[in-house]
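Biologist: Please take a close look at the aromatic side chains of this model and at the strands that carry them. I should like one connected account.

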Amino acid sequence: GGSVNQTEGPVTLSEGALMTLNCTYQATFSDSYLFWYVQHLNKAPQLLLKGSMTNQRPEHEGFQATLVQSDRSFHLQKRAVQASDSAVYYCALSDTVTQGCGGAEHKPKGSRRLKSGRGIFSP
């Protein structure tokens, strides 16, 4: 288990400005994964960055986040924002699964038996 707190409300910036969105977390385990998702208007959220103890400064398309374990922070930055960066940004946390969890099985009517895959993150 764990939780995150992030910048609340809209952030207004001029084009070309530095954007910083704050995210702090509380985690049960030290080997947690941190995520930033971006959701553009009328679209589904997409994974933007994934950080971990082995990848503390992930970067993608001008975005960068820094995982600071001592501060329990995973702040997101972009140096020169554009109008196309207008979106909702979500910070998320997942603890690693140290043992595989069993897949749930069910047999829907008129269908083959399905077995779910494993996942370490459930948004």
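Modeller: Strand 4 (residues 33-39) runs antiparallel to strand 5 (residues 46-51) in this predicted model, and five bridges join the two. Together, strand 4 and strand 5 make a hairpin in which six residues lie between them. Within that turn, Asn-42 adopts a positive phi of about 65°. One point of contact along the hairpin is Trp-36, whose bridge partner in strand 5 is Leu-49.

The side chains add a further contact: Lys-50 is placed over the face of Tyr-33, 4.3 Å from the ring centre. Lys-50 belongs to the residue range of strand 5, and Tyr-33 to that of strand 4.

Turning to contacts between rings, with centres within 6.5 Å required for a pair, the count is two aromatic pairs. One of them joins Phe-35 and Tyr-37, with 6.2 Å from centre to centre and 35° between the planes, and is tilted. Both Phe-35 and Tyr-37 are buried, and both fall within the residue range of strand 4.

The other pair, Phe-63 with Tyr-89, is also tilted; here the centres are 5.9 Å apart and the planes meet at 45°. Phe-63 is in strand 7 (residues 63-68) and Tyr-89 is in strand 9 (residues 88-94), so this pair ties together parts of the chain that are 26 residues apart in sequence. Phe-63 is buried, as is Tyr-89.

Technical notes
Residues are numbered from 1 along each chain as its sequence is written. This is a predicted model: local features need pLDDT of at least 70, side-chain atom pairs count only at pLDDT 80 or more; totals for chains, interfaces and linings use all residues. Side-chain values use heavy atoms; hydrogens and water are left out. Rings of Phe, Tyr and Trp (its six-membered ring) pair if their centres lie within 6.5 Å; planes under 30 degrees apart count as stacked, over 60 as edge-to-face and the rest as tilted. Buried means under 20% relative accessible area, exposed over 50%, partly exposed in between (1.4 Å probe, protein chains only). Helices (H or I, at least four residues) and strands (E, at least two) are DSSP runs, numbered from the N terminus. A charge sits over a ring if NZ of Lys or CZ of Arg is within 6 Å of the ring centre and within 35 degrees of the ring normal. Two strands pair if DSSP finds at least two bridges between them.
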